[in-house]
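Colleague: Got a minute to go through this one with me? I'd like to hear what stands behind the labels.

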Amino acid sequence: MKVPLTGYLAKGKYHKFIKFFYTLFFLGLGSFAIYLIAVSLNLFWLFGKMPSIDDLDNPQSEIASEIISSDGKVIGKFFYENRSPVEYEEISPYLIDALIATEDVRFTRHAGIDARSMFRVVTGILTLNKSKGGGSTISQQLAKNLFQLRRDESFEGPLYKIKLFRTLLIKTKEWITAVKLESRYTKKEIMKMYLDTIEFSSGAYGIKSATKTYFKKNPGDLTIPEAALLVGMIQNPSRFNPKFRPEYALVRRNTVMGQMVKYNKLDPEDFEKLKKEDIVLNYSPESHNNGLAPYFRQYLKDWAKEEIKKYGYSESDLYTHGFKIYTTIDSRMQAYAEQAMEEHMKDQQNKFNQHWKGRNPWVQRISPNSSSYQEIPGFIEKIAERTGHYQSLKKQFNGDKAKIMAEMNKKTMMTVFTWHGEKDTLMSPMDSIRYYKRFLNTGMMALDPRNGNIKAWVGGINYKYFKYDHVKQSTRQPGSTFKPFVYVTAIDNGFSTCEKVIDEPITFGPEDGISGTYTPKNSDGKYSYQSLTLRRALAMSVNTVSARLIKQFKPENVVKYAHQLGIKSKLDPIPALCLGVSDVSLYEMLASYAVFANGGKYTEPLFVTRIEDKHGEIIRQYLPDQKEVLSEETAYKMIHLMKGATMSGGTSQGLARFGVLENNEVAAKTGTTSNYSDGWFMGMTQELIAGVWTGGDDRAIHFQSIALGQGARMAMPAWGMFMQKVYNDKTIGLTKEKFKMPAGLYVSGDCIYSPGEGFSLDSTRNYSAPKVKAADEDELL
């Protein structure tokens, strides 16, 4: 083979020697070029494929889907890798300077491969000096991160089985890919893409997630030490994690700042000051267990998985395709709801602990008519038998209960929830069940009645330890908060708000479709025998008036109206329905109450306004779905009745201490169930309504007296705290105002007249019923 230009070599003593090395150089150069072409083309399928042009033009990396609040805040993500793309303009210049000075000082001058760095690495290897530094450019590292050339088997060929050749092949592919990337993207685009692909430990992928995780900042807000700290982590994220190995992270951070000084990116005097600073973190790793609205995010995740399948995506795409899910949740209201919940539930738990001090709270009445309680035998054991751990032990020990319980009673270290933070303690699984069963739980939701937009969703006291959602998943007896459905049935069928009803015993019998007799009692077991307006009766939550109305207008009609207004749960058409004995969710209760505040229009609660793909293309937009289910007049009459609860003598007058009644109109209803197992509060204003439920996860766990166990104590304060915070935040724009009254209606005291309706002070329909005492029913309030 004739090598070019050898004829021009000078003749002399070393001519043959020079010619040999000259020929060897050109042969090596030619062979290397052929090798590069062979690798690039995957010649004879020996080398494995290269990233295609389409791969280069559309590089794929797992991108977290973001949950965005109505006020533009990212309140959560769905991800396998917690990665959110960043724009170059959003990146701090300190970060860019630190990265270039540390990782690739000639980044702006090379075309993907830095020959000087490669030569330094080779000489370092040949001289056994391993401190010469790495030779990979940022572009090469990007190629490695984007296409996983070291781990993705789809890039492998037969020659990968040769151990030494495998490493050379991988590096070669990274070189080729880096050069191709440089030819397709600008330096800024490469820098942005690189910062999106880096892993920063603690579950953070990409610079945007890293700045949120370690500093709760955006990438553009980093200081010099913070930028240097994150750049220093790139070399070894686990070793230089500032949360778990701060001593190593500090040294590495200062090394990076030293590099910035070396390449004139940082003044030496500033460096001397900055290197003495301690590492200051605001560590908040993102997970589904923390952050705003975790119960809502769990519900949204299940919904979104099904929703995206309608448009050709798979469920797993939710975690990798970078969807942007725009929700109706207001991050400020959500934060206030969670704060109100925490303040209120800490207080309730303290009261509950004092109430049951030295005793177990899982109790039952000694007899149906008794006011005394006794502990339920075997209560904890029965619960234990339903746990996954017990069932696993049951299989392991072939049902041997003694062995199972021996294991269940073995103490082990565990971390438990307390209202003062997590606590490490020694407990057995049985101890753990007893411990957690003593906690009261809660649910709170707020929505805009005008369009059905859900603004806040608090499903419990702590999502990490109490996964069960008490907004939509849980259904409980609503007690007296169900009474408005009884009242609206009567009013919409001609019963005037001006008519009065006597507070007296009302007895149901076979003529009402039941066997035997049933006489609901008031909460104190007494009857005043006074004539009460509907407004006064509802304000005081008088049970006999609700009983009187459902007896006249029939339980099946009340069921019909409740379903018409938005209750979707099964309701039993029985007389006791007037006191709220059928289980419903807070979600459907609030949606139904919104009909009253929205002039008779039902709006399906809305929690997502649109879904976009990662490029900003709209996949689906969602609009309020409304229908008229009541007349505007009837809806306002119900508002007028429920406003009475906040006035003197009403069950909700205690709201005044939160300042939410001043220059404002609030329509409300409290609710309490048998044995005080459930405390409810539903409160409405013209632009925002909210509901609260509080109780034990198990109905057997509750207060023993109405003084502590009523809805006005267990639930209403959380509503007052929440609304107080919302009104105080002027950025939200919620104002105190009156409800909008339809034209033609006229209010006179407790009465509200429809057009053409007359009224006489003697206009009463007082239906007396046999005074028969209930045999085995404990009424709901």
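Colleague: What makes strand S5 and strand S15 a pair?

Modeller: Pairing takes at least two DSSP bridges between two strands, and S5 (residues 324–327) and S15 (residues 608–612) share four, in the antiparallel sense, so they count as paired. One of the contacts puts Ile325 opposite Ile611 of S15 as its bridge partner. Keep in mind that this is a predicted model, where local features need pLDDT of at least 70, side-chain atom pairs count only at pLDDT 80 or more, and totals for chains, interfaces and linings use all residues. Residues are numbered from 1 along each chain as its sequence is written, and side-chain values use heavy atoms, with hydrogens and water left out.

Colleague: What is the strand order in the open sheet of five strands, and why do S2 and S16 stand at the edges?

Modeller: The order is S2-S1-S5-S15-S16, with mixed pairing. S2 (74–78) and S16 (618–621) each have a single partner strand, so one side of each lacks a neighbour in the sheet. On average, neighbouring strands there are turned by 15° against each other, direction ignored.

Colleague: Why is Cys578 called buried?

Modeller: Buried means under 20% relative accessible area (1.4 Å probe, protein chains only). Cys578 has 0%, so buried fits. Cys498, at 2%, counts as buried because that value also meets the cut-off.

Colleague: How many disulfides are there?

Modeller: A disulfide needs a pair of cysteine sulfur atoms within 2.5 Å, and by this rule the count is zero.

Conventions. Buried < 20%, exposed > 50% of the residue type's maximum accessible area, 1.4 Å probe, protein only. Helix = DSSP H or I, 4+ residues; strand = E, 2+ residues; numbered from the N terminus. Axes fitted to C-alpha atoms, helices over the stretch in contact; angles between N-to-C directions.
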